[in-house]
Each structure stands twice: as C-alpha cells, then as structure tokens.
Amino acid sequence: MVTEIEQPTVELSKVAVSETHGEDSPYFAGWKAHDEDPYDESSNSSGVIQMGLAENQVSFDLLEEYLEQNSEASNWAEGAPGFRENALFQDYHGLKSFRQAMASFMEKIRGGRAKFDPDRIVLTAGATAANELLTFILADPDDALLVPTPYYPGFDRDLRWRTGVKIVPIHCDSSNDFQVTLEAMEAAYRHAVAMNIKVRGVLITNPSNPLGATIQRSVLEEILDFAKRNNIHVVSDEIYSGSTFSSSEFVSIAEILEARGYKDSERVHIVYSLSKDLGLPGFRVGTIYSYNDKVVTTARRMSSFSLISSQTQHLLASMLSDEKFTENYIKTNRERLRKRYEMIIQGLKTSGIECLKGNAGLFCWMNLSPLLETPTRKGELALWKSILHEVKINISPGSSCHCSEPGWFRVCFANMSEPTLEVALKRIHSFMDQRKTDAIQSPPQL
Amino acid sequence: MTQPQTLDEQPTNPTRQKSTGMRLIVPLQGIVQGRGGLLLGTLIPCALFYFFQLYTKRNRGNSSNTPSNPPSPSSSSPNLAELPRTSSRLSLFSRVGSSGPVSVSSRASLIVRENDSPYYIGLEKVSKDPYDKVRNPDGIIQLGLSENRLSFDLIEKWMVENVREAMVGRDGEHLSINGIAAYQPSDGLMELKVALAGFMSQVMRKVVSLDPSQIVLTAGATPAVEILCFCLADHGNAFLIPTPYYPGFDRDVRLRTGVELIPVHCRSADNFVLSVTALEQAYNQARKRGVKVRGILISNPSNPVGNILTRETLHNILVFAQERNIHIICDEIFAGSVYRGEEFVSMLEILVEEFDKNRVHIIYGLSKDLCLPGFRVGVIYSYNKNVLALAKRLTRFSSISAPSQRLLISMLSDIKFIEEFIKTNKQRIQKLHHSFVDGLEQLGIRCIQSSAGFYCWANMSGLISTYGEKGELDLWDKLLNIAKVNVTPGSACHCIEPGWFRCCFTTLALEDIPVVMKRIRKVAETCKSLS
C-alpha cells in the first residue's frame, strides 16, 4: 500500500495512488513474515522457510566453476581497449556478441528444434521489463490481454500498472489439469467484448508458472489459431524453458512457427530471461524475441528505459557462447531440478498431499483442497495463514494467482539446500499428522 | 486502430483491403461499362498495380540491419523508412504470413514515426563512417554525442588493477556468485547508495551531505526521469522546460507517460538563462489552454548550453514553484564536469527552511561524471517519502545489474582515486574546451560562455543562408556531409533562435581540434561567399 498520504502539500499522480501494483496480496505478505523471521540452518532453525520465491540456487557451483576457470570473462586485464568500448557502450541494440550468445543459448535449450536470429533479440533489464514493454507496444490503455489462470501474481503489476492495460482471465481448472481450452479462450474473448474492451493479445507462460507444467503442443496450436482468427498477438513467456526436467517434453512456440514455415508469425513474441534457468536474477537480463519487425524496432528504442549493463553483457557473452559449458549446464541443471521435484513430490505424498503432475519449473502445484474448512477463497487464505504460522513455511495461495478453484498452492523447491527442504517436508508431515489426529479426536460437525 | 496494409501482402482476406492502391483504381470501374467489363476494368489495373508493387519491393536493396552499433545516449537508429522490412521478409527466420498485419498500439506507432530528427540521423551516419585518425581519416567526426573520453584512461587503469576482486565476491578461497546472483532490492544495494551519496557530495563541493535513504537507483538517468514523471504527473499534464534542452527529454518525459513538455524559451540576449517572466507566461498560457502544469524540469549545469544557474535563479525558480504548488525536477548529471572558476551550486543547497522540500527531486547518474554510460547508473534523490516509496517500486522495471553495482561500490569507495579523478577530469575538460572555443573563434564563430558539461553552444547564424529553421538544417547538412562533422542543430533542442549548434568536444583529443576546424572552415568559407 502506498504510504499514508496525509494530504500532501504537493500532489502526486494517479499512478502514485493507484493499487494496481498489486502489492497487498498474500504473495507479498508472506514474504514479509519470512523477512521478519527467516529460517537459517544454524542460527534460526525454527524460522520461516521461504517456499514462495521462485529462485534457482541448485546450479550455482557450475557458474562459479566457469568464472573461476575463465577469468578473462570477468575482468579486462588483457583486454584494456575492449573495456573502453564496453564501458562507453550504451547502444540499445546491445552487444552483438551477447545477442548471439543468447540466441545460441535459447536454441540449445530447445534442443536445436528452433532457430533464433540475434538481430531479432531486444535486451531488457529482466523479464519484468520485457513483459511491460511488450504490453506498452501491443496494447493501448484500457485494452486487454487474455491470460490463462492461474498466473504469476507479478503480471497484475507488470502488465497493468503503468500501461493502463487490463487483464481478462482465461479460466482453467483441474478437470483437465488446468490446460487452456478453446472454449475458455472464446469465453474470455466474449466477456471482454461484452464489456466493450478491445483484446490485443494472449499472454501465456510456457512452462507455466505456477503450475510447473509445460503446455502441450496441441494446445499451443489452438492458441495460435485462435489468435490468428481474431487477429491478435501471442506473447509466450518462456522464462522457465531451460528448467524442464527432460528436454523432450517442452515444446516452444518457436518450434510450431518453424513447422508452419513462419507463416503468420508476425503476431508472436517470446520473452526470456536468465533469472530462472541460470539462477541470475540479480544480473537483470531479459529478452524479447519478436517475429515482427515493427515490434523489434519499437521495443529496441523503448528498451532505453531498461538497458542491461554492458559489463554484464560482456561477462555473460563468452559464458553463454561456450558450447561445452552450456550443454553441460543445461543437462545438469535439468537433472538436479528433476531430483528436487521428485524429492518434494515423494515427501508430500507420504504426508498424504497430492500435486499436479509437473515436468518443469522451480515449484510444484499442490492440492490442499481436502484441508479447507470451507471451499472458498476465504477458507484458502485461512489455511495459508495457519501454514505460515504453524508450519512456518511461506507458500503461495492459488487465489493470489487468480486460480478459480480454492485450495491450490504453489510451493518452490529450488531456492534452498536439500537439508532445508527435508526440514520443510518434515514440518509438513507433522502438520498433516496433527490434522489427522485432530480429526479423529474431534470429528467434523455434521 | 489498424495499420494501413502494405501492398505486397497477399490479399487473401478481401475484407481487409484498405490499400491506397485500391482506392486509386476503384474509381476506374466507372469508366468501364458492362458486366464483364466492370470486372476486368477493376481487376486488371489492380492486378497490375499489385504486381508492380510486389516487384519493386522485392528488388529493393537487401540492406542488413545496422552492422556496427552507434553508441548513443538515447536512440540512434535509422529512420523506419530505411529499415529493411523486405530483407526480413526474405530472411529464413522471419517470413511473414499472408493475413493482414496485426496492429501495434498508438504509443508504438508514435515511436515508429519518430527519429527523423537530425539528432538521430547524425548519430546513425557517424556510426557508418566514423573518423579514425589512422584507419579512417576521412570519416565523420562525432561532435553530436555527449560522451567523455578524456579521462577514460584513469578509469581503465583502476579497472585493470582492481576489477576482478571488485565484482564477483570471494567466499574464502573461491569465487562466490551467491552474493550477486540472487534477487537484490530493485532500487539498488544500500552500499552503492552510500557510495553514491558520498560521490555526489564530493561533486557538489562537499557543501551538501546526502542521505543514502533518500536515494533510489535506476538503470541510467533515462528511466530516472521517466519514473519521476510517472510519480508526479498524469497523462495529459505538463512540465515546463526551458529551451534549448536535451533532445532525449522528448522521449524520456513524453513517450510512455503521456505527459507534455511546454517550452519556456530562453534567448541569447540573456545568455539563454531562464527568466521567471518567461516561466510565468508559459504557465499562464498553459492554464488558459486548460493544461495542468505539474512541475518544472531544469538541467543544471544545462545541456546544451553548458551554463550554471546562479543561486538567485535557483531561488527564483523555487519561489515560483512554491507559489503555484508544483514540483521541480532538477537534472544535475553534469555537476562533476564543471571546469570554469564558477562553482556549481546544487538545488539542494538552496533548499532552506522556507521551502517545502517535498517538491524538489534531483536526477543524477554516472554516465557523464564517471564516463560509464554503459553500466547504466541513475539516481533519483528526493525528500518526498511518497515519491521515494513509489519510485522504489517502479525500479523493478529498470534495475541496475548486480555485478556492476558491486564493481562501482568498490570504485566509488576508493576515495583517493575518486578525488584524483574528479580533479584531473575537470582540468582536461577545461583544456579542451578552451582550445575548441578558440578554434571556433578564429573561424568567426562565437560560443556562449559556458562553465560545465561537454559542449560548446556555438552561434553559426552568420553562416546560414536564410535565417530560419530551414537555413539552419541546410547548414547542418553541409557540416555533416561536406565537412563531415556531426553537430546537433539547435532546432533539435527546441531553440527558438535559429543558427545555434551544440558541439560536444569531449570525444576529441587535442590534436583532433585543428582537423575539425579545418573542415568547418571549408564549409564556413563557402557559406560566407554565398551570403
């Protein structure tokens, strides 16, 4: 919430007082609780374990090893002239070597099943900026983007706040594992039309956050066809594309476009970033890849508000072009994430908790609906609160992701060590045991 | 609003026929009588027209996207008209489909039409043919980009001696990336804020001491300006801005916020210093038009003129803002590049008790004073807690990369180095400024007496054939294409008097100056002989 505005002597803007930054939701409240009492293996073993932050810490050692062995990437001791050009370089085209490195990295992630042209890459300071930028470019204030639910809570802020653009949800539910259906898309579109809102595009996240699952090929085809019929854009946020547990399960929209000979590809734009796959959110590296010339030019110019430090570009360019490193990294990162996933799924299962079958991402989508006192949003928030205070883990309630079914929670597993994850699973186990005991001792009133 | 369809798109969707070609040809059908004739009368000319367009577009040169990238503080790029849409159509990766083009927003369309200004065209031309003493002595000399290369060697030396340790942390023996990899506060690390507060204080002669908790860091001064506009004004509101001004403000302030810039014209008779009378006039005119003025945007030291505002002027601006209850954004990004005896006075020094501090917001950055535009470091400094809180949230769209922050914390904390650097840098700028202004004087071109920054504001009105914007642009064109020197014409800076040009000299070495003057002389002599 914007700090108390005791009638300021000089006025601020409407944006200043609006609430579309969405920072009142539990998504952010949980973080606060964690920040006030953070878990630490040695010094605070009863603290709150953060499982609401989708950060990837499982593969840092690989990055450190690379940097250790390739010191010329991190300094310019030999390349003094190189440094001059670099530090003066502030061109919004971005370092060509870095764009080439990103293109090649994105190709590797997709197993070479799609090709990327470095000149279509626009660099931004993080995917947050990329998504906002695309929204500025594709839609006018009061227009809308259709977004399948449940979705990343940050979208409420990133897509709507300064742009003035609306989000119209495409409702998905557990009956088909929350997959997007044509009916749901059409219903959302009709709903927008009924409210006199102009739909400019569909924004999907693939692999999905918070579901932790990839979108099936047939669904992607359907989305593309739907967009074509209505002459709207498709933005595919593929920020978790390198975090799929097996390389074969992820289908990028780029592959579908390639299969279609790039016909009608002008409406498609891909967002990527190194924050998840490479675990480097602090570096602020994001990209927009667009098949639309006008969007590329415009995005590039607008990226002046959000450029990546040339030093960072230089630092990462050689790393991401290093074939041996990237192949090994992608493979190892995948395996480690898969192991983590299996560990948490197994642990939850023994506690009697089911999750959506996932195959990607840094989190799992947990079903706690059987535990709800009332199958409502209120019931879900009450459960979330008790988990935060009794189990002392911060997880993200489905309502903050606009999930239409109460009782689902996103649980992150990659932002902690394995021992910490064990502790969290133990706590959950005790919590579930306690609930069973409580249920036996005081059966629900009928 | 849909974009007009280009003619080489296959007309598979007849309902989207909006091409101008069709509109020209359809009336012909009235000429051809009879049923079959009617059809043929429209079909054949249309078909011919389509194929003609298709043919000419396909055979247009296959120019690639800009191969060498021009370094630029804002946007350097070819005009959209030159952008190779055809080459992309022919490229493997981006063949375009057959249905009508999906449209972009009106904001995007605005950008597409922009960048015809000489400011950007000049930058683009230089990038294609840049002067190099040895390798390209006939290339275009860049005087249109406000970059400081004079003191770069000092920074380089520091980097070579310190960078590895400075950037990636150490955890005992081994490199530890954990510290910089993870999510950081989006408005910057506290250590960097502390370091910057110290640096800014040094730059402002240590008269003011800055509070790090009043700092919000952004990826460059460009988003800092935009973020402040989002905080202080609504779509359709306006800021008053003295002319001539930095061309980039047109984009920073207006593009995505929808906030207007109302020029307050300054004149050579006043040495282009802002007068309160002019401010009042502009303010009143805006009110008559029903436009709500939310603040004043000034740059001090000013770009492009390079003068420093006196205490009195700063005070008058404060009083003006106070009386009308509006904000002041003061861009002090050149504060550390003062070379004349005069001292730079920050707006912060003038903010005494009688004024409401909540209305003053300072912009700063490291692109000028520390020669590091590539690292993207901008600062918003404000006393207004609400503005700070909001700006902080908005920095998630424009955060500084963590490794760069670490590096800079280390550099800025090296007090000895920074002191040496500031001193030496000023001396070098002064030397070059002196030499450059002298050189121009010998050509009969006088400059406004400036005290800071990287430019001379030169009066070349004696050389233009017709006194007006067209004459000025003709001269600019001659300078660019004949003398092969890129300068920024005053009209790009919204100067109301034609004939003034901004010449940035900090990209030159002393020995380049005679070369520049010789070239300008060539054009100056032809102009004089014509007039």
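# Reading a two-chain model

Biologist: Let's start with secondary structure. How many helices and strands does chain B have?

Modeller: Chain B comes with 18 helices and 15 strands. Keep in mind that this is a predicted model.

Biologist: Okay, and how much of chain B is buried?

Modeller: Of its 531 residues, 60% count as buried. On the outside, chain B exposes about 21,400 Å², and 54% of that is supplied by carbon and sulfur atoms. You can also ask how far along the sequence the contacts reach: taking those in chain B between residues at least 6 apart, 75% join residues at least 24 apart.

Biologist: Since it's a prediction, what pLDDT does each chain average?

Modeller: Read pLDDT as the predictor's confidence in each residue. Chain A averages 90, with 91% of its residues scoring at least 70. Over residues 1–8 of chain A the value is below 50, and that stretch has 13 contacts in the model beyond near neighbours in sequence. Residues 76–81 of chain A are also below 50, with 10 such contacts.

Biologist: And chain B?

Modeller: Chain B averages 81, and 77% of its residues score at least 70. Residues 1–44 of chain B stay under 50, though the model has 60 contacts for them beyond four places in sequence. Residues 52–99 of chain B are below 50 as well, with 114 contacts beyond near neighbours in sequence. For the complex, the predictor gives an ipTM of 0.91 and a pTM of 0.86.

Biologist: Now the inside. Which residues of the largest nonpolar core touch the most other members?

Modeller: Those are A:Met51 and B:Phe436, in a core of 151 residues. Helix α9 of chain B, residues 221–232, brings the largest share of this core, 9 residues. Apart from it there's another core, of 80 residues, including B:Phe272 and B:Phe320.

Biologist: What does A:Met51 touch?

Modeller: Leaving out residues up to four places away in sequence, its contacts include A:Ile344, A:Ile393, A:Arg410, A:Cys412 and A:Leu421.

Biologist: How do I read a sheet? In what order do the 7 strands in chain A run?

Modeller: The general idea is that strands of a sheet pair through backbone hydrogen bonds, either parallel or antiparallel. Here the order is β2-β8-β7-β6-β5-β3-β4 of chain A, in an open sheet with mixed pairing. The edges are β2 (121–124) and β4 (166–170) of chain A, each pairing on one side only. Ignoring direction, neighbouring strands are turned by 25° against each other on average.

Biologist: Can we zoom in on one pair, and what packs on the sheet?

Modeller: Sure. Strands β7 (268–273) and β8 (286–290) of chain A run antiparallel and are joined by 5 bridges. One partnership links A:Ile270 to A:Tyr289 in β8(A). Helix α8 of chain A, residues 182–194, packs on the sheet and touches β3, β4 and β5 of chain A. The direction of α8(A) makes about 145° with that of β4(A).

Biologist: Last one, a loop residue: is A:Ser399 buried or exposed?

Modeller: A:Ser399 counts as buried because its relative accessibility is 11%, and the cut-off for buried is under 20%. A:Ser399 is found in the loop between β12 (396–397) and β13 (408–412) of chain A. Beyond four places in sequence, A:Ser399 touches A:Arg377, A:Glu380 and A:Leu381.

Note on methods
Residues are numbered from 1 along each chain as its sequence is written. Chains are lettered from A and ligands numbered from 1 in the order in which they are written. This is a predicted model: local features need pLDDT of at least 70, side-chain atom pairs count only at pLDDT 80 or more; totals for chains, interfaces and linings use all residues. Side-chain values use heavy atoms; hydrogens and water are left out. A nonpolar core is a set of buried Ala, Val, Leu, Ile, Met, Phe, Trp, Tyr and Cys residues joined through side-chain atoms within 4.5 Å. Buried means under 20% relative accessible area, exposed over 50%, partly exposed in between (1.4 Å probe, protein chains only). Helices (H or I, at least four residues) and strands (E, at least two) are DSSP runs, numbered from the N terminus. Contact means heavy atoms within 4.5 Å. Two strands pair if DSSP finds at least two bridges between them. Axes are lines fitted to C-alpha atoms, for helices over the stretch in contact, and angles run from 0 to 180 degrees between N-to-C directions. pLDDT is the predictor's confidence in each residue, from 0 to 100. Accessible areas come from the Shrake-Rupley method with a 1.4 Å probe; for residues, only the protein chains shown count as cover.
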